[in-house]
Amino acid sequence: MIQQHADIQETLRLQRMLLLLLLAEFLVFVFSGVSFSFLHGAVFFNYGVDAFFGIFYLASIPQFMVAHQWAGIAGDASIILLLLLLIKDPRRNYVALLLLLLLFLFYVTLMGYLNHRNFHIGFVVVLFPFLFGSVRSRHFAYEATRYYLLFFYASAALFKILLQSFSHTDHLSTGIVQQYAPYFAEANTGIRTQFNLYLIHHPNTGFVLLLLSFVAELVAVAGFFTKRFDKLIGISLILFHCVNWFIMDLAPFGQLAFISLLFMQKAFPPKK
């Protein structure tokens with residue numbers, strides 16, 4: 001009985017750690033100016049390729065959120081409050097459901113504002129195991145989320161092959177020129193700019209980094225066959241995002257809690 005109580009407390013502790021990381025990521029969104037509050041008055045560039053997103057725009061929900069600053073502030077405050085409530089007691093699956101819906105609305109709104117698709121869906125999907133009440137259901141939901149995570153990154157690696165990203169050694173260098181042309185035109189300086197200029201003038205080095213990024217994502221395939229390498233896969237994916245952040249300025253925030261699921265197997269144990 002004492003051991004069972006200790007196991008429950010350890011499980012809750014790990015779940016709280018995961019949720020605290022998710023809270024930290026959302027606060028990064030807030031302080032970097034990309035939360036509901038700061039999207040006030042934003043213009044939507046595209047509604048995305050997913051037809052399901054269109055339901056939100058047909059209902060004018062994202063439009064309402066960005067048209068009224070009070071609604072944006074209320075949205076941010078509600079997300080933070082729900083996260084705090086869930087951190088206090090991760091077993092509140094009804095709180096997790098409300099939080100997931102609100103974060104998904106934020107994701108849909110943010111994707112309509114950005115002029116390209118990105119990888120921030122992780123901060124929504126990570127909540128999936130918390131939607132269930134029983135230990136057994138949470139374990140199966142964790143397993144499903146883990147497989148989705150592995151598929152997410154493994155498919156990204158395979159798309160690099162299908163899109164023939166390795167057919168030209170200057171692929172990365174060309175992408176850097178296209179993304180950072182305004183910075184170079186303004187004679188911007190800094191470590192990132194200097195390193196990117198180096199990659200532009202040394203395309204073979206950029207090609208090696210591209211190959212390493214492919215390997216970093218492809219290692220996720222191993223997770224389909226064994227959990228033995230989950231931590232190694234997690235470290236590989238975090239390194240991938242950090243390097244991507246440094247070179248292409250694509251921040252990893254929104255995916256870190258998601259990837260951390262690979263380190264949190266004991267947070268969602270099977271029912272004994």
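This passage describes the overall build of a predicted model and then one of its helices, α2, with the residue S60 that comes after it.

The protein in this predicted model contains 12 helices and 0 strands. Followed along the sequence, its pattern is α-α-α-α-α-α-α-α-α-α-α-α. The C-alpha trace spans about 65 × 50 × 35 Å along the principal axes of the protein. The radius of gyration is 20 Å, and a compact globule with 272 residues would have a value near 19 Å, so the protein agrees with what such a globule would show.

Contacts and burial were examined for the whole protein. Among contacts with a separation of 6 or more, 75% are accounted for by residues 24 or more positions apart. Buried residues make up 43% of the 272 residues. The area exposed by the protein is about 14,500 Å², and 70% of this area is supplied by carbon and sulfur atoms. As for charge, the protein has 17 positive and 12 negative charges. The mean position of the positive charges and that of the negative charges are 13 Å apart.

Helix α2 is formed by residues 51–58, and its buried residues are F53, F56 and Y57. These three cover an arc of only 95° around the axis, and therefore they are on the same side of α2. The other side of the helix carries A51 and L58, which are exposed. Helix α2 thus has one side with the buried residues F53, F56 and Y57, and another side where A51 and L58 are exposed. The partners of the buried side are two other helices: the buried residues of α2 pack against α3, residues 61–67, and against α5, residues 93–113.

After α2 comes S60, a residue in the loop between α2 and α3. The phi angle of S60 is near 60°, which is a positive value in a residue other than glycine. The relative accessibility of S60 is 35%. This value lies between the limits of 20% for buried and 50% for exposed residues, and S60 therefore counts as partly exposed. The loop that holds S60 leads from α2 to α3, and α3 is one of the helices against which the buried residues of α2 pack.

Definitions and conventions. Residues numbered from 1 in each chain as written. Predicted model: local features only at pLDDT ≥ 70, side-chain atom pairs only at ≥ 80, totals over all residues. Heavy atoms only, no water. Buried < 20%, exposed > 50% of the residue type's maximum accessible area, 1.4 Å probe, protein only. Helix = DSSP H or I, 4+ residues; strand = E, 2+ residues; numbered from the N terminus. Arc of directions from axis to C-beta. Contact = heavy atoms within 4.5 Å. Rg over C-alpha atoms; globule rule 2.2 N^0.38 Å. Areas by Shrake-Rupley, 256 points an atom, 1.4 Å probe, with all protein chains shown as cover. Lys, Arg positive; Asp, Glu negative; His and termini not counted. Charge placed at Lys NZ, Arg CZ, Asp CG, Glu CD.
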